[in-house]
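Student: Could you take me through one part of this model up close, and then follow the connections outward from there? I'd like a picture I can keep in my head while I turn the thing on screen.

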Amino acid sequence: MKKDLAYVCNHFKALVIPHTPDDFTVAEPFRHGLTNDELRKGITAFREFLTMMFETIAERKESIDVKRGSKYDPYGTKGDRGTSSIKERFPVFYDLTIILLSLGFHGRLEAKPEMKLAVRGEDMSIIIDPITEQYQSVIRMSGDRKLEMFRLLSDLGLRFDGADFSEEVDFSKTGTFHITSAKNDYFAVGLKLIADAMTNIKEHYKLENLFRSVFLRGDFSPLANATPKKYNSKIEEYANAQLPEIREWIIMLDSFLTKNGCKLIQGMGGGSPFTYSKRNTTITQGLVCILNMEITGCFITPGVNHLANPNSIIRSLPDKLVNMVKSGEETERFSIGQCHRRMGFARFSFTHNGKEYEGCRHAGLRCQFSGVKCRFTGFSFDLAEPDVRELMRRWIEMELET
């Protein structure tokens, strides 16, 4: 089922963080001599800009990334449920992000006579992150694409005083220019702060991994730390992009698992998937569940330790769900020597209608060979139906008791 650019924009808009906690404080290295009130106004201005940006792109869906976007099918994208393929089909989000990030990173914030960012054209050729900019870079972007993106930014109210980007975007020919916004006087503050937030995170592989979780959600939480710390996003913020009944269920589940001593491990760059496991165990053996929130909905992969019990959840599941847990009808037990993983085969088994079935704990989300060189494909359940949510709640309760 193909979807258009507006569909993706609505998803991203729902993920923009709506407000900053009252007790949030920006650490001294990122205050730029501004008051708490000025910093908060900058944060709000940037989030309002994001919302306006997604709405504007949605309105112009007939003129942005039309050819590539016509092939976007979130339900037909194997392995990622439509989220990872956004970059390939709708690169506008990544192109705008790297441009804005570069402007914010290289810009110097000036507060008088008005809030603005001063950017030297020559600085735009300086690499921020060598790994990211092998693939996503203002320098590598074509002239026509840069012109298209800067015209869009101008339509969103950005002003580039001291530079004319209406016909050509060539930073080698540009001196110092100033960025302001006709929509909000504090936008320059927010742009500088979000660039600071992006580059104040520890243990990330590349900045591109943080585009969707930090930049495009307007997450300024890394600014609370004077020195970089590992990034963790809040699951309730990601749940905002799901249907209300699913959002409530996710928040309930997170509270239940946390109170029962589970540890939460987030995906690369923070955010989905959210993995819960028992403490003092490996993820493989102690997995309680994996919640994967995607553009197509929310999916869960529960743990399998209790499935060997005679009274496991398998007895309560309809055949359709049981069949999803099965990996084929093979009667011969899988040999560990056939496993292509260096860490080896992690077997689990269960009995259904008097017949034993086996699976691998690594299959699916955590194995690149699953379903390709291996007969084990993994499984996950769509939480759209209330009956499924109730069964998953009972499954997880049983898993915690094992």
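Tutor: Sure, let's start with helix H5 (residues 92-106), which lies across S1, S2, S3 and S4 and runs at about 95° to S2. Keep in mind that this is a predicted model. H5 has company there: helix H7 (residues 187-198) also lies across S1, S2, S3 and S4, but at about 55° to S2.

Now look at what these two helices lie on. The 4 strands make an open sheet, ordered S1-S2-S4-S3, with antiparallel pairing. Strand S1 (108-110) and strand S3 (158-161) are the edge strands, each pairing on one side only. On average, neighbouring strands here are turned by 30° against each other, if you ignore direction. In the middle of the order, strand S2 (residues 116-120) runs antiparallel to strand S4 (residues 176-181), and 4 bridges join them. If you want a spot to click on, try Arg120, which sits opposite Thr176 in S4.

From H5 you can step over to helix H1. The buried residues of H1 pack against H2, helix H4 (86-89), H5, helix H8 (235-239) and S9. Those buried residues are Leu5, Ala6, Val8, Cys9, His11, Phe12 and Leu15. At the start of H1, Asp4 puts a side-chain oxygen within 3.2 Å of the backbone nitrogen of Ala6.

Follow the chain on from there and you get to Arg31, in the loop between helix H1 (5-15) and helix H2 (36-59). Arg31 is buried yet has no salt bridge: Glu28, the nearest side chain of opposite charge, is 4.1 Å away, and a salt bridge needs the charged atoms within 4 Å. What the Arg31 side chain does have is a polar contact with the side chain of Asn36, at 2.7 Å. Leaving aside residues up to four places away in sequence, Arg31 touches Thr25, Val26, Asn36 and Leu39.

Back to H1 for a moment, because its buried residues also pack against S9, and S9 takes you into another sheet. This one is open too, with 5 strands in the order S7-S8-S9-S10-S13 and antiparallel pairing. Strand S7 (262-266) and strand S13 (381-382) are at the edges with a single partner strand each, so one side of each has no neighbour in the sheet. Helix H9 (residues 244-259) packs on this sheet, touching S7, strand S8 (274-278), strand S9 (287-294) and S10, and its direction makes about 150° with that of S9.

S9 and S10 deserve a look as a pair. A hairpin joins S9 to S10 through 2 residues, and the two strands pair antiparallel over 6 bridges. One partnership to find is Cys289 with Pro302 in S10. On its other flank, strand S10 (residues 297-302) pairs with S13, again antiparallel, over 2 bridges, and there Phe299 stands opposite Asp382 in S13.

Finally, how is S10 covered? 6 of its 6 residues are buried, and that goes for both faces: Gly297, Phe299 and Thr301 on one side, Cys298, Ile300 and Pro302 on the other. So the route to trace on screen, starting from H5, is over to H1, whose buried residues pack against both H5 and S9, and then through the hairpin from S9 into S10.

Key. Residues are numbered from 1 along each chain as its sequence is written. This is a predicted model: local features need pLDDT of at least 70, side-chain atom pairs count only at pLDDT 80 or more; totals for chains, interfaces and linings use all residues. Side-chain values use heavy atoms; hydrogens and water are left out. Two strands pair if DSSP finds at least two bridges between them. Contact means heavy atoms within 4.5 Å. Axes are lines fitted to C-alpha atoms, for helices over the stretch in contact, and angles run from 0 to 180 degrees between N-to-C directions. Buried means under 20% relative accessible area, exposed over 50%, partly exposed in between (1.4 Å probe, protein chains only). Lys and Arg count as positive and Asp and Glu as negative; His and the chain ends are not counted. A polar contact is a pair of N or O atoms within 3.5 Å; within protein, one must be able to donate a hydrogen and the other to accept it, and residues adjacent in sequence count only if both atoms are side-chain atoms.
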